[in-house]
Amino acid sequence: LNRLTQPYIQWHELEVLFGENVHEIAYRYMIEVDDQRGLWQFRREFDTEQAIFAATKPRGDFPMHLNDEQLLVRAGLMQLFQNRCLLTDVENIDHFYPRFGLEETTSFQALEGWMRDALRDLSNDYYFGRQTNTWRKQARKVLPALLKSTEMLVCGEDLGFTPMCVPPVMDELGILGLRIQRMPPVGESSEFGRPHTYSYLTVCSPSCHDTMTTRAWWEEDAERRARYDEMFQCGNDDACTPSVMRRILTQHIESPSVLAIFPIQDLLALDERYAKRPALEETINDPTNPKHYWRFRIHVACEELLANASFVKEIKDLVRVRSQTTST
């Protein structure tokens, strides 16, 4: 049982993570438990995430480069600490459940085939069986009360990892789904959503507060941009030019979704004058970074936008396309 619930740390992984500093870091934070197989475990004083964070906390009297190195050590230690297959229930130490994404851990990959199959079945049942039934039951109990409490149009944030029962339950209750092109819904096999296939009861957009802006991801990820161009023929220029953005927005404008709502950053990219700011500065939220805080501020005054006749016309033309699409 300890093999599955404790971090599985192999010497060669330590070497990959810490390079020439491997001996110093290994002997400070760990002890060797099996010299034949090269297995290590955390010392008792470092056997919690809180303890690792405290031990690797940057110091104000340290040079910046040393603090940066300390943060890299922390990241490596945390990666090792999370390399386990089962998590112990904090309320009952005799209960365990599979960690999410266990198949990606080297702890799982080092197991014998029959045990990998058993754990895979356990994980699938836990996340896609028992959890799904619980979600469906609770949703049918809670969501109708939410719908009755407001006259607003309700949209569910159904992106990313969600139970398979979410879309049918939302359809059953008349709750709009959210469609972000770079985050295809559950069951979609392609890398990007196809706006022309979206259902009517959805809100669509090329990006949202939890993703990079369209201009940022276009300019940051050349390989993914090329794959996008293969699907939608929007061009493969290094820069997200106004013509590229126009094609992307038009896809969404012409979709069957009841609403197409765009972040202001994507609209500003229709005018080169407003797209000179570093694209990454326009990201609102980074869900992968717990220390990130929302600090985006639009860099153009609303009065200036309203006075820009060509920009206003661009937006009106998009709205006109939408009107023509929904009337046919």
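Helices and strands here are DSSP runs, of at least four residues (H or I) for a helix and at least two (E) for a strand, numbered from the N terminus. The model is predicted.

Q: How many helices and strands does the protein chain have?
A: Let's start with the parts list. Counting DSSP runs, the protein chain of this predicted model has 14 helices and eight strands.

Q: What share of the residues in the protein chain is buried?
A: The C-alpha atoms of the chain fill a box of roughly 70 × 50 × 40 Å along the principal axes. A residue counts as buried when its relative accessible area is under 20%. Of the 328 residues in the protein chain, the buried share is 39%.

Q: Which element gives the most residues to the largest nonpolar core?
A: In soluble globular proteins, nonpolar side chains tend to be buried together. The largest nonpolar core here holds 22 residues, and W218, Y228 and L249 touch the most other members. Two or more residues come from each of α9 (214–220), α10 (222–232), α11 (242–253), α12 (264–268) and α14 (309–327). With five residues, the element that gives the most is α11.

Q: How many residues are in the second, separate core?
A: This core stands apart from the largest one, and among its members are F18, F46, M78 and F81. Its residue count is 17.

Q: Which residues is W218 in contact with, leaving aside its neighbours within four places in sequence?
A: W218 is one of the three residues that touch the most other members of the largest core. Contact here means heavy atoms within 4.5 Å. Leaving out those sequence neighbours, the partners of W218 are R225, Y228, C234, G235, N236, D237, D238, A239, C240, V244 and I248.

Q: Why do α2 and α5 count as roughly antiparallel?
A: Helix α2 (residues 11–18) packs against helix α5 (residues 64–81), with their axes 10 Å apart. E13, L14, L17 and F18 of α2 make the contact with V73, G76, L77, Q79 and L80 of α5. Angles over 145 degrees count as roughly antiparallel. The two helices earn that description because their angle is about 155°.

Q: Is the crossing of α2 and α5 left-handed or right-handed?
A: The handedness depends on which way the near helix is turned from the far one, and clockwise counts as right-handed. For α2 and α5, the crossing is right-handed.

Q: Which residue in the turn between β2 and β3 has a positive phi?
A: Strand β2 (residues 30–34) runs antiparallel to β3, joined by four bridges, and D34 stands opposite L39 of β3. The two strands form a hairpin with four residues between them. In that turn, the residue with a positive phi, about 70°, is G38.

Q: What is the bridge partner of I9 in β3?
A: Strand β1 (residues 9–10) also pairs with β3 (residues 39–42), in the antiparallel sense over two bridges. The partner of I9 in β3 is W40.

Q: Which strands are the edge strands of the open sheet with the order β6-β7-β8?
A: The pairing in this three-stranded sheet is parallel. Four bridges join β6 to β7 (residues 202–205), including the one between G177 and T202. An edge strand pairs on one side only, and here those are β6 (177–180) and β8 (259–260).

Q: Is G160 buried, exposed or partly exposed?
A: G160 lies in the loop between α7 (113–148) and α8 (166–173). Its relative accessible area is 40%, and values between 20% and 50% belong to the middle class. G160 is therefore partly exposed.

Technical notes. Residues are numbered from 1 along each chain as its sequence is written. This is a predicted model: local features need pLDDT of at least 70, side-chain atom pairs count only at pLDDT 80 or more; totals for chains, interfaces and linings use all residues. Side-chain values use heavy atoms; hydrogens and water are left out. A nonpolar core is a set of buried Ala, Val, Leu, Ile, Met, Phe, Trp, Tyr and Cys residues joined through side-chain atoms within 4.5 Å. Buried means under 20% relative accessible area, exposed over 50%, partly exposed in between (1.4 Å probe, protein chains only). Two strands pair if DSSP finds at least two bridges between them. Axes are lines fitted to C-alpha atoms, for helices over the stretch in contact, and angles run from 0 to 180 degrees between N-to-C directions. Angles under 35 degrees count as roughly parallel, over 145 as roughly antiparallel, 65 to 115 as roughly perpendicular and the rest as oblique.
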